[in-house]
Amino acid sequence: MASMAATPNTNLFIHNTHKKTSISSPNSQIKLSIRSQKEDPPAQTTPQKTRREIILRSSEIAVLGAIFQFSGTKPKYLGVQKSTGGLALCPATNNCVSTSENITDLTHYAPPWNYNPPEGRGSKKPVNKEQAMEELVQVIKSTKPDKFTPKITEKRDDYVRVEYESPILGFVDDVEFWFAPGKKSIVQYRSASRLGNFDFDVNRKRIKALREALEKKGWASEKSL
């Protein structure tokens, strides 16, 4: 018979049925612990972007917008139309609202405004067109829906055109306001994006924000002309 020498520091158990070997000793436990730490390194945390990195990335995006001219070109047909006596209609794209559209066009139509509504200050303390124009310009300058920057590019006694530029890539929307002649103190408007087919309701939300600001001054929305 073969003899087996047993060492005091090592216990060896061999399980033939599972073909596994279990070794237990103080030295082996230390080695296994060190090996486990090497195989399972601590999870690395992603460092947060610094303010400088965010500013640099924003600058890169702005440069791209300037290179590819995301601002677009001003349409030549803007202004009061001689043929219809109102502002231009919207294109077939879903990025425009206009008071000149048919009331049945739920995608593009929006009701005009009245700066002297009969049920409001029109019957109490009406304002003239010049005063209403001042109120409109003040609201345009102070209201920035979706953080678009307004820039008044044209202003006459009865007409205002504003270019709204997006904070990212510099997309430009053209917005017009026209004080229609007559006794009803009506203001027509048109808000349209220069590029793309969809605006995610940016133009309609802009008009709503301006209307709500004007309502605080006494304006109201007309149901129809």
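A residue is called buried here when its relative accessible area is under 20%, exposed when that area is over 50%, and partly exposed in between (1.4 Å probe, protein chains only). By that yardstick Asp 146 counts as partly exposed, since its relative accessible area is 38%. The model is a predicted one, so to speak of local features takes a pLDDT of at least 70, while side-chain atom pairs count only at pLDDT 80 or more and totals for chains, interfaces and linings use all residues. Residues are numbered from 1 along each chain as its sequence is written, and side-chain values use heavy atoms, with hydrogens and water left out.

Back to Asp 146: this residue has a positive phi of about 60°, although it is not a glycine. Asp 146 sits in the loop between α3 (129-142) and β5 (149-155). Helices (H or I, at least four residues) and strands (E, at least two) are DSSP runs, numbered from the N terminus. Leu 169 is another non-glycine residue with a positive phi, in this case about 70°. Its loop is the one between β6 (159-165) and β7 (172-179), and Leu 169 is partly exposed, with a relative accessible area of 26%.

Next come the strands β5 and β6. They run antiparallel and are joined by six bridges; two strands pair if DSSP finds at least two bridges between them. Together β5 and β6 make a hairpin, with three residues between them. One of the bridges matches Lys 155 with Val 160 in β6.

Further along the chain, Arg 194 is found in the loop between β8 (186-193) and α4 (202-215). The side chain of Arg 194 makes a polar contact with the side chain of Glu 163, at 2.9 Å. A polar contact is a pair of N or O atoms within 3.5 Å; within protein, one must be able to donate a hydrogen and the other to accept it, and residues adjacent in sequence count only if both atoms are side-chain atoms. Contact in general (heavy atoms within 4.5 Å) gives Arg 194 a longer list of partners. Leaving aside neighbours within four places in sequence, they are Ser 71, Gly 72, Thr 73, Lys 74, Pro 75, Arg 161, Glu 163, Val 172, Asp 173 and Asp 174.

Finally, the structure holds one disulfide, meaning a pair of cysteine sulfur atoms within 2.5 Å. This disulfide joins Cys 90 to Cys 96, with an S to S distance of 2.1 Å. The link is left-handed, with -70° about the S-S bond. Both Cys 90 and Cys 96 are buried.
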